[in-house]
Amino acid sequence: MLRTLAATAAIALLAAAPAVAADRAIIILDGSGSMWAQIDGKARIEIARETLDRVLSGVPAELELGFMSYGHREKGACDDIELLVEPAAGTGAAISEAALAISPKGKTPISAAVRQAAEDLRYTEDKATVILITDGLETCEADPCALASELEGQGLDFTTHVVGFGLTREEGEQVACLAENTGGQYIAAGDEATLTEALATTVAEVAAPAEPAPEPEPAALAFNLDPELVLAEGGNGEIVEFDVTWELFRAADGGAGEHLSTDYGIDWKGTVDPGDYVLRASVGYAHVEQPVTVTADALAAPYFVMNAGELIIRPLPADGAEPDAAAAVYSRFPNGEDDTGYGETRRFVPAGDTEVKVTIGAGEAQLTVPVKAGERVSRDVVLGIGVARVNSFFIEGMKVEDNELFVEVFAAKKDIQGNRKSLGYSYGPDQSFSLPPGDYVLATRLGGAEMETPFTVVSGEAVEVNALLGAGVVAVTAPGSDFVEIFSAKKDIQGNRRSMGYGYGGAIELVLPAGDYVVVARPTDGTADREAAGTVVAGERLELSVE
């Protein structure tokens with residue numbers, strides 16, 4: 001309803017303007033791809049078409065208007081500029097029809113389009129006006145400000161009005177010089193109603209140039225919520241870069257109610273309906289919220305002091321080393337929130353003590369880091385670990401490449417029950433373990449072969465730990481059998497042999513320590529078990545067949 005009233009009032013103002021000594025003018029409509037962006041669920045190009053149609057339906061018949069667009073025929077072309085309607089009286093319907101056919105897709109050659117329009121109006125010989133409607137900035141390596149000064153200096157009486165449709169305040173400032181340098185107006189339009197008013201105002205000036213310009217209506221606020229934020233009272237200290245998240249809630253009894261929107265950036269500004277809200281600002285893990293009342297005709301500018309600083313943790317395996325990208329950094333902040341990061345971590349945290357735990361492999365360090373508001377604190381956390389590079393060999397020079405190889409690292413010292421603490425395990429060759437300085441035991445297992453290898457880790461150094469299994473491979477085939485089991489040849493004190501492994505289907509292949517073994521096969525026909533004996537030699541393959 002308000003939008004309709006604003007449009008009606010603007011058109012009435014235009015129709016009432018006396019049509020005497022009218023200028024000739026060209027309206028330039030942005031046809032670049034960004035005009036498909038939406039405002040309140042409606043594409044900008046659709047709003048512009050409808051606004052043009054309404055405003056031009058009320059212009060005096062004697063007014064000579066032309067129509068131009070750019071970026072509407074092809075992508076990426078800085079020369080895609082077309083005069084669609086020659087300046088003439090009674091062109092309102094033709095301009096509306098031409099605008100309806102525009103399909104935005106290209107770049108934004110603002111400067112070239114304004115120059116071409118000025119030349120089409122013979123600006124060096126006659127009084128001329130250009131009305132530019134744009135939702136973007138120059139994208140074709142030209143300087144609109146310099147162009148405006150040039151046209152103003154060369155023209156007989158040249159004026160450019162600029163309607164910034166959907167531009168931010170900063171963007172508007174970059175194109176406003178086109179108007180300011182030629183004695184025209186820059187008008188910010190954020191929706192259909194304000195675009196109608198802006199276009200009616202600029203066209204009305206063309207329709208009645210001899211009349212004194214009416215006092216302009218107060219410009220509509222481009223935004224009505226502009227919060228300011230600092231990390232500490234009095235400023236941000238040495239910290240110049242940080243990200244801010246803004247969350248807007250409807251005010252409710254006792255605080256924040258319905259969540260309405262989330263926006264980002266230290267320079268964010270918003271336009272919201274008048275009412276009571278709660279605005280929450282977050283910088284990293286620091287959060288502050290406060291109530292905000294927004295009115296229709298005033299700017300709300302709440303001030304946030306985050307009481308936060310920046311904490312940098314650099315986990316180092318040893319003195320002089322670079323931060324370990326695989327290090328885990330666990331942090332608990334003064335507000336009770338926590339975080340896990342890896343490698344060098346940078347976090348904005350509430351002022352106070354942050355509890356930090358850093359782990360690299362089996363190495364661990366814990367510390368408390370105090371951070372003041374507006375302060376950047378960096379801590380090198382040196383764990384003083386070393387690295388054990390682990391491999392296994394059947395014999396010297398014969399590396400185990402089997403991914404079923406199992407390796408586990410234990411602390412060398414046993415507890416009161418005689419158990420060692422496990423510090424990590426893995427499978428396959430070429431494994432590495434990050435460990436604090438000290439003595440350890442590597443337990444290696446592959447098939448029936450097992451080995452314990454003691455080693456020592458020194459801070460900041462790497463140690464090669466090679467487990468020598470002294471083992472070979474036995475491969476058994478037992479035709480006509482469905483179960484095969486391998487035993488050590490030597491019996492224990494009770495007369496039993498130790499089982500080293502078994503398999504089904506009449507075959508088995510197993511890694512075993514060097515020594516003598518007995519293979520027992522169970523025939524599928526139910527007859528008596530069959531046996532075969534063999535000796536495994538380290539680094540060799542033994543093939544047995546149990547007939």
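## Two disulfides and one helix face

If you number the bonded cysteines of the protein chain in sequence order, they pair up as 1-2, 3-4. That pattern comes from a predicted model, and the structure holds two disulfides. Let's take each disulfide in turn, and then look at helix α3.

**The Cys78–Cys140 link**

- Cys78 is joined to Cys140 by a disulfide, with an S to S distance of 2.2 Å.
- Cys78 sits in the loop between β4 (64-70) and β5 (81-89), while Cys140 sits in the loop between β6 (127-134) and α5 (144-154), so this pair ties together parts that are 62 residues apart in sequence.
- The twist about the S-S bond of Cys78 and Cys140 is a torsion of about -95 degrees, so you'd call this disulfide left-handed.
- How accessible is Cys78? Its relative accessibility is 32%, and because buried means under 20% and exposed means over 50%, Cys78 counts as partly exposed.
- Its partner Cys140 has a relative accessible area of 16%, so Cys140 is buried.

**The Cys145–Cys177 link**

- The other disulfide is formed by Cys145 and Cys177, whose sulfur atoms are 2.0 Å apart.
- Here the cysteines lie in helices: Cys145 is in helix α5 and Cys177 is in helix α6 (residues 169-180). The two are 32 residues apart, and the pair links distant parts of the chain.
- The link of Cys145 and Cys177 is left-handed, with -80 degrees about the S-S bond.
- Cys145 has 27% relative accessibility, so it counts as partly exposed.
- Cys177 comes in at 7% relative accessibility, so it counts as buried.

**Helix α3 and its two sides**

- Which residues of helix α3 (residues 92-100) are buried? They are Gly92, Ile95, Ser96, Ala98 and Ala99.
- Look down the axis of α3 and you'll find its buried residues within an arc of 165 degrees, so they line one face of the helix.
- What covers those buried residues of α3? The cover includes β1 (24-30), α2 (44-56), β4 and β5.
- Now flip to the face of α3 turned away from its buried side: that one carries the exposed residues Ala93, Glu97 and Leu100.

**Where the topics meet**

- Strands β4 and β5 turn up twice: Cys78 lies in the loop between them, and both are among the elements covering the buried residues of α3.
- Helix α5 also comes up twice: Cys140 is in the loop between β6 and α5, and Cys145 is in α5 itself.

How values were computed. Residues are numbered from 1 along each chain as its sequence is written. This is a predicted model: local features need pLDDT of at least 70, side-chain atom pairs count only at pLDDT 80 or more; totals for chains, interfaces and linings use all residues. Side-chain values use heavy atoms; hydrogens and water are left out. A disulfide is a pair of cysteine sulfur atoms within 2.5 Å. Helices (H or I, at least four residues) and strands (E, at least two) are DSSP runs, numbered from the N terminus. Buried means under 20% relative accessible area, exposed over 50%, partly exposed in between (1.4 Å probe, protein chains only). The arc is that of the directions from the helix axis to the C-beta atoms. Contact means heavy atoms within 4.5 Å.
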